[in-house]
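Student: I'm new to this structure and would like a close look at a single part of it. Could you pick one spot and walk me through it slowly, then show me what lies around it?

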Amino acid sequence: MVGVESSVDEQILQAAIRWHEASSRSDCDWEALTAWLEADAAHQQAYADVALLNDQVARQTQQLQGARAVMQLPSRLQRAWPAALVAAAVAAVALLLAPLQPLTHIKARSYQADTRQSRSIELDDGSKILLAPGSSLRVSGWHHDHVELAGVAYFDVPHDPERTLILSAGEFSIRDIGTRFEVVSSARELKVAVAEGSVTVDLPGGAGSVQVNAGRRLLVSGELPVAEYASIAAADVAGWREGRLVFHNEPLSMVVQQISPHAGVTVTVDAAIAARRFSGVLAIGDGSQLVSRLEEIMGLVGQREAAAVHLSAAALGP
């Protein structure tokens, strides 16, 4: 059994080497590479190990070449160099042969926005993220380019064709090389609105990928997810940054998800009306009137508890 596992590990390592070599070429199939990485955590670790080894080889080769150049100097000049140079060369070789740092040792970073206040985050690559109240974010990956979102956030990512930000949101994956966009996520529902640039969204269950360009909004919801597109003004993308929530024909299941962070309570909706659509603009203010305003407009009734409101259709009169 051990031999079988070793064989599998070797196959993964060889695949990681091939993918790393391919990533340096202009004809690299980035979608296939991303799919291979996301298929198994072992793929990610092997790829990171290969990338790290390649980086170490490059850096230590430069140092060793420098040491070799010194050894080729006339003997009278060699004597002028401190003995520490030899130690440095030895240390370079030792580092090259040292055990690799596995991907799991790279410390992930977690962020949580307060329940009543948004939170600004800036990543090492210059990406800026604004988390809506109550939302959370986890950043990992060799270059901190893997992001997991729970809730609502606005992203401002610098354009870099050599770096792809991969965002996991529920069952969805979003790939971006530089743009400004909003994401509203839950387990099986997703809203992506793009103000500038474009992003690629991988649908769950192998349903394929779709591209969302600037001025467009993608909505995926329901038991059998269907991607819906609509136009959206750049100013309406993550309108909550300016104190308003803008909805364009969105199901109540997603409307209440966007209201909850600002209302300070968890808002849910009865399954019987979850697919009912709502369009309109709600001023956030202090958040206390958001649920009541939605009830009034949509003819709903809320059952209130300590920190939760459950909405259902108002009973018909006699």
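Tutor: Let's start with Ala238, which is buried because its relative accessibility is 1%, and the cut-off for buried is under 20%. Keep in mind that we are looking at a predicted model. Ala238 sits in the loop that runs between β14 (226–231) and β15. Its backbone is worth a look too: phi is near 55°, a positive value, and the residue is not a glycine. As background, most residues other than glycine have a negative phi.

Now, what is Ala238 next to? It is one of the residues that line the largest cavity. By the counting rule used here, there is 1 cavity of 30 Å³ or more, and the largest cavity has a volume of about 50 Å³. Along with Ala238, the lining takes in Glu182, Lys191, Asp236, Gly239, Trp240, Arg244, Leu245, Val246 and Gln258. Sorted by class, that makes 4 nonpolar, 2 polar and 4 charged residues. Which strand gives the most to this lining? That is β15, with 3 residues.

So follow the chain into β15. Asn249 has its place in this strand, and here again phi is near 55°, positive in a residue other than glycine. Is Asn249 buried, partly exposed or exposed? Its relative accessible area is 40%, so it counts as partly exposed. Set that beside Ala238, which is buried at 1%.

β15, which spans 244–251, also leads us to a helix, since it is among the elements that cover the buried residues of α7. The cover includes α6 (252–263), β16 (266–269), β17 (277–283), β18 (300–304) and β19 (308–313) as well. Helix α7 itself covers residues 290–298, and its buried residues are Leu290, Val291, Leu294, Glu295 and Met298. Looking down the axis of α7, you find these buried residues within an arc of 135°, so they line one face of the helix. The general reason such a pattern can arise is that an α-helix has 3.6 residues a turn, so residues three or four places apart point the same way. Just after α7 comes Gly299, with a positive phi near 70°.

You can see a similar arrangement elsewhere in the chain. Helix α2 (residues 30–39) has Leu33, Thr34, Trp36 and Leu37 as its buried residues. These span an arc of only 160° around the axis, which puts them on the same side of α2. Two of those names come back when we turn to His43, in helix α3 (residues 41–71). Leaving out residues up to four places away in sequence, His43 touches Ile12, Trp36 and Leu37. With a relative accessibility of 13%, His43 counts as buried.

Two loop residues round out the picture. Arg116 belongs to the loop between β1 (109–112) and β2 (119–122), and it is partly exposed because its relative accessibility is 49%. Beyond four places in sequence, Arg116 touches Pro133, His262, Ala263, Gly264 and Asp286. From the C-alpha of Arg116 to that of Gly134 is 7.1 Å, with the two residues 18 apart along the chain. Leu203 is in the loop between β11 (198–202) and β12 (209–213), and it is buried, with a relative accessible area of 17%. Its contacts, again not counting residues up to four places away, are Phe172, Gly208, Val210 and Val220.

Finally, step back to the chain as a whole. It has 7 helices and 19 strands, and buried residues make up 40% of its 318 residues. Among contacts with a separation of 6 or more, 47% join residues 24 or more positions apart. How far should you trust what you see? The mean pLDDT of the chain is 80, and 76% of its residues reach 70 or more. Over residues 1–6, though, pLDDT stays under 50, and the model has 0 contacts for them beyond four places in sequence. Residues 76–86 also have a pLDDT below 50, but this stretch has 7 contacts beyond near neighbours in sequence. Where pLDDT is low, the predicted coordinates should not be read in detail.

Note on methods
Residues are numbered from 1 along each chain as its sequence is written. This is a predicted model: local features need pLDDT of at least 70, side-chain atom pairs count only at pLDDT 80 or more; totals for chains, interfaces and linings use all residues. Side-chain values use heavy atoms; hydrogens and water are left out. Buried means under 20% relative accessible area, exposed over 50%, partly exposed in between (1.4 Å probe, protein chains only). Helices (H or I, at least four residues) and strands (E, at least two) are DSSP runs, numbered from the N terminus. The arc is that of the directions from the helix axis to the C-beta atoms. Contact means heavy atoms within 4.5 Å. pLDDT is the predictor's confidence in each residue, from 0 to 100. On a 1 Å grid over the protein atoms alone, a cavity is a set of points where a 1.4 Å probe fits but cannot get out, and a pocket is an open set with protein on both sides within 12 Å along at least five of seven lines; lining residues have an atom within 4 Å of a point. Grid points are joined across faces, edges and corners, and a volume is the space filled by probe spheres set on the points. Ala, Val, Leu, Ile, Met, Phe, Trp, Tyr, Cys and Pro count as nonpolar, Asp, Glu, Lys and Arg as charged, and the others, Gly among them, as polar.
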